[in-house]
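Me: Could you walk me through the salt bridges and helix packing in this one? I'd like the reasoning along with the answers.

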Amino acid sequence: MEDKELWYMYHKGRELSQMLKNANAENKITSIAYRLLNALKVGDVNQFMDTIMRIYLSYEMEIPSTFVKVMGDKEIFFPVGYSFLNGLLERGKEGNING
């Protein structure tokens with residue numbers, strides 16, 4: 001998994017966060033983040049994807065294809081999921097995802 005792909009998913013998370021704020025649904029960000037984090041912590045890719053699919057479908061947005069590409073490989077899925085989650089929570093700074 002290349003850094004540019006992780007940054008892409010980080011930005012997809014930020015994009016979703018901004019969309020929720022624009023839709024006056026900012027209060028949903030925390031509950032979505034908790035569901036995603038819990039799914040990642042227990043290694044439940046299906047629960048993670050269920051949450052992602054529900055939120056994207058609710059707002060008629062296209063689900064990032066990277067999620068589908070990495071679903072079968074947990075070693076790759078987890079960094080992608082955490083990158084997306086950091087973006088959703090708007091954590092990190094450009095060039096430093098831990099920032």
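Reply: Happy to. A helix here is a DSSP run of H or I with at least four residues, numbered from the N terminus. Keep in mind that this is a predicted model.

Me: Then which helix holds both Arg54 and Asp50?
Reply: The two residues sit four apart, about one turn of the helix. Both belong to the run of residues 45-58, which is helix α3.

Me: How far apart are N and O where Arg54 and Asp50 meet?
Reply: A salt bridge needs a side-chain nitrogen of Lys or Arg within 4 Å of a carboxyl oxygen of Asp or Glu. The side chains of Arg54 and Asp50 do meet in one, and the N to O distance is 2.8 Å.

Me: Is Arg54 buried or exposed?
Reply: The cut-off for exposed is over 50% relative accessible area. Arg54 comes in at 53%, so call Arg54 exposed. Its partner Asp50 has 31% and is partly exposed, but for Arg54 the word is exposed.

Me: How many salt bridges does the structure hold?
Reply: Side chains of opposite charge can pair when their charged atoms come close. Arg54 with Asp50 is one such pair, and Glu15 with Lys12 is another. For the structure, the count is four.

Me: What is the relative accessibility of Lys12, the partner of Glu15?
Reply: Glu15 and Lys12 both lie in helix α1, residues 3-22, and are three residues apart. Their closest N and O atoms are 3.3 Å apart. Glu15, at 37%, counts as partly exposed. Lys12 falls under the 20% cut-off for buried, because its value is 17%.

Me: Which residue does Glu90 meet in a salt bridge at 3.5 Å?
Reply: The side chain of Glu90 meets that of Arg14. This pair links distant parts of the chain, with Glu90 in the segment after α5 (74-88) and its partner in helix α1, 76 residues away. Glu90 is partly exposed at 24%, and the partner is also partly exposed, at 28%. The residue you want is Arg14.

Me: Which residue joins Arg14 and Glu90 in a network of salt bridges?
Reply: Arg14 and Glu90 already pair with each other. The network links them with one further residue, Lys21.

Me: How far apart in space are Tyr10 and Glu90, C-alpha to C-alpha?
Reply: Tyr10 is in helix α1 and counts as buried, at 0% relative accessibility. In sequence, Tyr10 and Glu90 are 80 residues apart. In space, the C-alpha to C-alpha distance is 8.5 Å.

Me: Are α3 and α5 roughly parallel or oblique to each other?
Reply: Their axes are 12 Å apart, and the packing angle is about 40°. Angles under 35 degrees would count as roughly parallel, and roughly perpendicular starts at 65. That makes α3 and α5 oblique.

Me: How many nonpolar residues are in the contact of α3 with α5?
Reply: α3 passes α5 in a left-handed crossing. On the α3 side the contact uses Val45, Phe48, Met49, Ile52 and Tyr56, and on the α5 side Lys74, Phe77, Gly81 and Phe84. By class, one residue is polar, one is charged, and the nonpolar ones number seven.

Me: Which residues does Thr66 touch, not counting those up to four places away in sequence?
Reply: Thr66 lies in helix α4, residues 65-70. At 11% relative accessibility, Thr66 counts as buried. With those sequence neighbours left out, the residues touched are Tyr8, Met9 and Val80.

Conventions: Residues numbered from 1 in each chain as written. Predicted model: local features only at pLDDT ≥ 70, side-chain atom pairs only at ≥ 80, totals over all residues. Heavy atoms only, no water. Buried < 20%, exposed > 50% of the residue type's maximum accessible area, 1.4 Å probe, protein only. Axes fitted to C-alpha atoms, helices over the stretch in contact; angles between N-to-C directions. Parallel < 35°, antiparallel > 145°, perpendicular 65-115°, else oblique. Left-handed = near helix turned anticlockwise from the far one by under 90°. Contact = heavy atoms within 4.5 Å. Nonpolar A, V, L, I, M, F, W, Y, C, P; charged D, E, K, R; others polar.
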